[in-house]
Amino acid sequence: MALTFSRGTDIAILGATGKTGRAVADALDGIALVRRLSRSAPDYPVDLETGEGLTEAFTGCRGVYFIAPNVHPDEPALVLRALDAAASAGVDHVVYHSVAWPYSPRMPHHMDKARCEEALRAFSSERGLRWTILQPCAYAQNFEAVLDGTVADLAVPYSLDTTFSFISLDDVAEVAARILVEGADIHHGSTYELGGPEMLSVKDLIRLVETMTGRAVSVKSIGVDEWMSLHGTGLSSDAQQRLSAMFEYYNGRDFLASGVVTAALLGRSPTPIRALIR
């Protein structure tokens, strides 16, 4: 990215310890002064549940990138705390990490993101805080262990024929970095749906891996309850219910987003799955 940024106007990344927050912070390194915020951050410890430390961490920042913990039980409350702190600290621009198809009543955590989007717009009208919303589709990196050959078998709790517009996490991070650097003068009031360059099912993805590498990959669809017994035992009951609802949704419906906006923001075509296979 050929970007420049004025020194002394920091960017704060909320959720900087998660995979998306880390990717956005990494994309900004060397371009902007980045504050990586988390509960355990040595310089700017913050607590999204209480709001403790947020105003101090945001003071001196031009922009804030907000991504909530995955399937949080009350994401709107976290967003409102962060918005209030951002406005109090004089932040100019908040970029909210939402999801493609936020208004999906069968998926409660998507609906929470729709509520957050509405809260962001309402807060902006009342307090003057400028905003941008990103709505990425499913990450290609959700299947990274298959793409890089770490595992040779895969079980998913939905139909193998469900089609997705898989987008590279690195592309999402690059888009986020560009928007944060270019700022609200260009991107205020924009909602960007971010999809990848192709529509693929899990079955298609596996076939592509096998064709390009010669590796044999075993793939099957299992029930949601079986998947939870294997991978969800450490989750709260609320998180289990939210993920189960998403998997049930995927079982009968594709999850697609156009790559046109992604390409326009990147200045190039989005990264195809084949470029991620190793």
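Which element gives the most to the lining of the largest cavity? I shall take that question as the starting point of this short presentation. Please bear in mind throughout that the model before you is predicted.

The answer is H3, which contributes three residues to that lining. Let me place this in context. The count of cavities of 30 Å³ or more comes to one. The volume of the largest cavity is about 50 Å³. Around it stand Val64, Phe66, Val79, Ala82, Leu83, Val94 and Tyr96. Two or more lining residues come from each of strand E3 (61–66), helix H3 (75–89) and strand E4 (93–97). As for the character of the lining, its residues comprise seven nonpolar, no polar and no charged ones.

I turn now to the sheet, to which E3 and E4 belong. Six strands make up an open sheet, and their order is E2-E1-E3-E4-E5-E8, with parallel pairing. At the edges are strand E2 (34–37) and strand E8 (190–194), each of which pairs on one side only. On average, neighbouring strands of this sheet are turned by 15 degrees against each other, direction ignored. In general terms, the strands of a sheet pair through backbone hydrogen bonds, in either a parallel or an antiparallel manner.

Within this sheet, the pairing of E3 with E4 deserves a separate word. These two strands are joined in the parallel sense over four bridges. For Tyr65, the bridge partner in E4 is Val95.

Next, the helices. How do H3 and H4 pack, in terms of angle and distance between axes? Helix H3 packs with helix H4 (residues 108–127) at an angle of about 25 degrees, and their axes lie 9 Å apart. Because angles under 35 degrees count as roughly parallel, H3 is roughly parallel to H4. Their crossing is right-handed. H3 thus appears twice in this account: as a partner of H4 in packing, and as the element that gives the most to the cavity lining.

A second helix pair involves helix H1 (residues 19–28) and helix H6 (residues 169–182). Here the packing angle is about 55 degrees, with the axes 8 Å apart. H1 and H6 are therefore oblique to each other. The crossing of this pair, H1 and H6, is right-handed.

To close, I return to the opening question. H3, with three residues, gives the most to the lining of the largest cavity, and strands E3 and E4 also give two or more residues each. Those two strands pair in the parallel sense. Thank you for your attention.

Terms used. Residues numbered from 1 in each chain as written. Predicted model: local features only at pLDDT ≥ 70, side-chain atom pairs only at ≥ 80, totals over all residues. Heavy atoms only, no water. 1 Å grid on protein atoms, 1.4 Å probe; cavity = no way out; pocket = protein on both sides within 12 Å on 5 of 7 lines; lining within 4 Å. Points joined across faces, edges and corners; volume = space filled by probe spheres on them. Nonpolar A, V, L, I, M, F, W, Y, C, P; charged D, E, K, R; others polar. Pairing = 2+ DSSP bridges. Axes fitted to C-alpha atoms, helices over the stretch in contact; angles between N-to-C directions. Parallel < 35°, antiparallel > 145°, perpendicular 65-115°, else oblique. Left-handed = near helix turned anticlockwise from the far one by under 90°.
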